[in-house]
Amino acid sequence: ALRLISIEIGASMDFVYFGSDFSKNESFLWYASSVYGGESVFVPTPALSRMSFKLQRMSVVKPEHPIMEEMPAADQAITDKLVLLLVPARERGMFLIIGLYLPAERRLTKSEIDSLHPIATMFLSLARGLQEKSQAESYRRSLEILTEIEGDLTACEDPTHFLRILSRGGRELLECDRAGIVVIDEEDGSFEGAVETRDGLEMGDLSLVAGREMALSLERGHALYSMEPGEELEGEEGDRSFIAVPLIGRKGRLGALIFEKADQPNFFGEFKRRLAHFLAGQAVSVLESYKEGAKLENAAEETKALLRLSRRLSSSLTLEEMGGGLYKELNHIMGAEFVLLSIDGREESRRLAWWKGEKEDASGFDELLATHGPLILTLSRAGKLVRNNLNTVLRGPGEDELALKGIRSYMAVALQGEKNKGMLLVGSPHGGAFTENEIDIIEKATGPINSALAASLRSEGLQARMGMLEGMCRDQEENCRAFAS
């Protein structure tokens with residue numbers, strides 16, 4: 001149609017510029033009988049974009065006018081001394097401009113001039129219809145992809161596969177070159193990410209998810225878009241588009257999504273941005289479900305471990321038997337290889353230690369368990385002490401004995417019974433062994449330990465009294481036999 005108009009009007013070249021007042025999605029078509037340069041010559045210019053908002057009627061731009069230098073194919077038009085005739089059309093926020101480059105000697109008749117505005121209006125209606133059809137197809141395609149993503153996420157049980165589904169589905173949904181997702185765990189300082197490109201998944205290439213855009217979106221707590229007024233990043237490349245959307249859950253930041261399109265600065269329009277935010281909402285929902293599921297599993301495992309420990313401790317008749325059972329359970333639960341029990345009663349103090357499954361002498365820990373030492377003072381104030389990095393140079397009083405055994409992490413908790421008090425120290429040869437989960441288990445285990453401790457001491461006291469009574473009875477029997485003889 002553009003070529004036919006050019007031939008009928010007698011234009012050397014012409015263009016159509018179409019767009020909307022509410023979006024950056026614009027279309028530019030051109031025709032020329034003979035122009036050197038092609039696409040490099042016919043491109044929409046900033047002056048044409050400004051004119052689309054103000055132009056209300058047909059206008060003529062002569063080759064000597066300064067505005068001609070800012071029009072498409074300006075050099076060709078000025079060289080050939082062509083006159084530019086601009087024919088606008090507007091309808092419900094949509095605009096269209098037809099540009100006709102006419103020879104200076106060409107004179108249009110009244111009927112030709114009168115026909116130009118209806119032609120522009122017809123072009124605008126045609127462009128609107130094609131755009132609406134394209135949008136409908138885009139909506140249908142996006143809905144199909146979102147349905148597929150939702151189905152894959154519902155069936156997914158592996159968190160790593162979940163990252164792949166979102167990165168691959170996000171790239172297809174937004175039709176971009178690269179899509180990435182990063183999931184962070186602020187509690188333990190870890191993160192995991194995946195990047196999907198046109199060539200497939202790149203688990204090892206985290207340059208996209210480790211970029212400044214994603215870091216800034218996480219820091220600011222809102223989405224970032226390329227080429228947005230007031231959001232330009234220093235050193236940002238102007239020949240690409242990106243969207244960075246943080247994943248914010250009920251309890252804080254969970255990660256971020258990022259999408260990138262090279263060589264197209266205004267690629268991501270309003271619709272694609274909404275799709276990115278919708279996909280981010282799905283990611284947040286799945287991530288929180290995974291976290292809740294993991295917490296429930298951990299809570300169930302923790303409950304089983306504490307129940308097993310309580311049963312073992314409740315069956316112990318002596319303090320030594322209780323300590324041996326406690327060592328076996330802690331070794332099974334968290335891989336602890338050292339357990340030290342210190343019990344201070346009214347009449348005596350007792351210390352028991354187990355190292356790698358064997359009971360050993362606990363007298364070497366007197367300095368560590370000193371009444372006014374830092375360990376006991378800390379326990380009296382805070383109730384617990386966790387050392388996840390027992391430095392080989394800077395150690396506290398009494399920690400040398402632990403370091404010599406190869407212990408790199410330990411946790412100590414205060415014990416409080418009916419008629420006694422003490423402490424439990426659990427050690428591991430691994431650095432950073434006591435995470436929040438292990439600390440929680442040990443703290444919750446103090447209740448069963450205190451109960452078992454009191455029962456074991458009562459049992460030992462009862463056995464001691466029974467032994468003393470048996471001795472007194474034997475002595476009395478011997479005295480009776482001696483008296484009778």
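## A guided tour from strand E12 to helix H8

Begin by selecting strand E12, residues 338–344: six of its seven residues are buried, so the strand is largely enclosed by the rest of the structure. Please bear in mind throughout that this is a predicted model.

**The neighbours of E12.** Next, add strand E13, residues 349–355, which pairs with E12 in the antiparallel sense over seven bridges. Then add strand E17, residues 421–428; E12 and E17 also pair in the antiparallel sense, over seven bridges. Now select Leu341. Which residue is the bridge partner of Leu341 in E13? The partner there is Leu352, while in E17 Leu341 stands opposite Leu424.

**The largest nonpolar core.** Move now to the largest nonpolar core, which has 34 residues. Select Phe162, Leu166, Leu174, Ile181, Ile243, Leu247 and Phe259, the residues that touch the most other members of this core. To see where the core draws its residues from, display helix H4 (110–155), helix H5 (159–174), strand E6 (178–185), strand E10 (240–249), strand E11 (252–262) and helix H7 (270–314), each of which gives two or more residues. Which of these elements gives the most to the core? It is H7, with eight residues.

Centre the view on Leu247. Beyond its neighbours up to four places away in sequence, Leu247 touches Ile181, Gly252, Arg253, Leu254, Gly255, Ala256, Leu257, Ala280, Ala283, Val284 and Leu287. Apart from this core lies another, of 29 residues, whose members include Leu313, Leu326, Val339 and Val426.

**Helix H4.** Select the whole of H4 and compare its end C-alpha atoms. They are 68 Å apart, which agrees with the 68 Å that its 46 residues should span at 1.5 Å a residue. Within H4, highlight the buried residues, among them Glu112, Leu116, Phe123, Arg128, Ser142, Ile145 and Leu153. What do the buried residues of H4 pack against? Their partners are helix H1 (2–9), strand E1 (13–20), strand E4 (82–91), strand E5 (94–103), H5 and H7.

**Glu329.** For the final stop, select helix H8, residues 319–334, and find Glu329 within it. Is Glu329 buried or exposed? Its relative accessibility is 5%; since buried means under 20%, Glu329 counts as buried. Displaying its surroundings shows that Glu329 touches Arg308, Leu309 and Arg312, leaving aside residues up to four places away in sequence.

Terms used: Residues are numbered from 1 along each chain as its sequence is written. This is a predicted model: local features need pLDDT of at least 70, side-chain atom pairs count only at pLDDT 80 or more; totals for chains, interfaces and linings use all residues. Side-chain values use heavy atoms; hydrogens and water are left out. A nonpolar core is a set of buried Ala, Val, Leu, Ile, Met, Phe, Trp, Tyr and Cys residues joined through side-chain atoms within 4.5 Å. Buried means under 20% relative accessible area, exposed over 50%, partly exposed in between (1.4 Å probe, protein chains only). Helices (H or I, at least four residues) and strands (E, at least two) are DSSP runs, numbered from the N terminus. Contact means heavy atoms within 4.5 Å. The expected span of a helix is 1.5 Å times one less than its number of residues. Two strands pair if DSSP finds at least two bridges between them.
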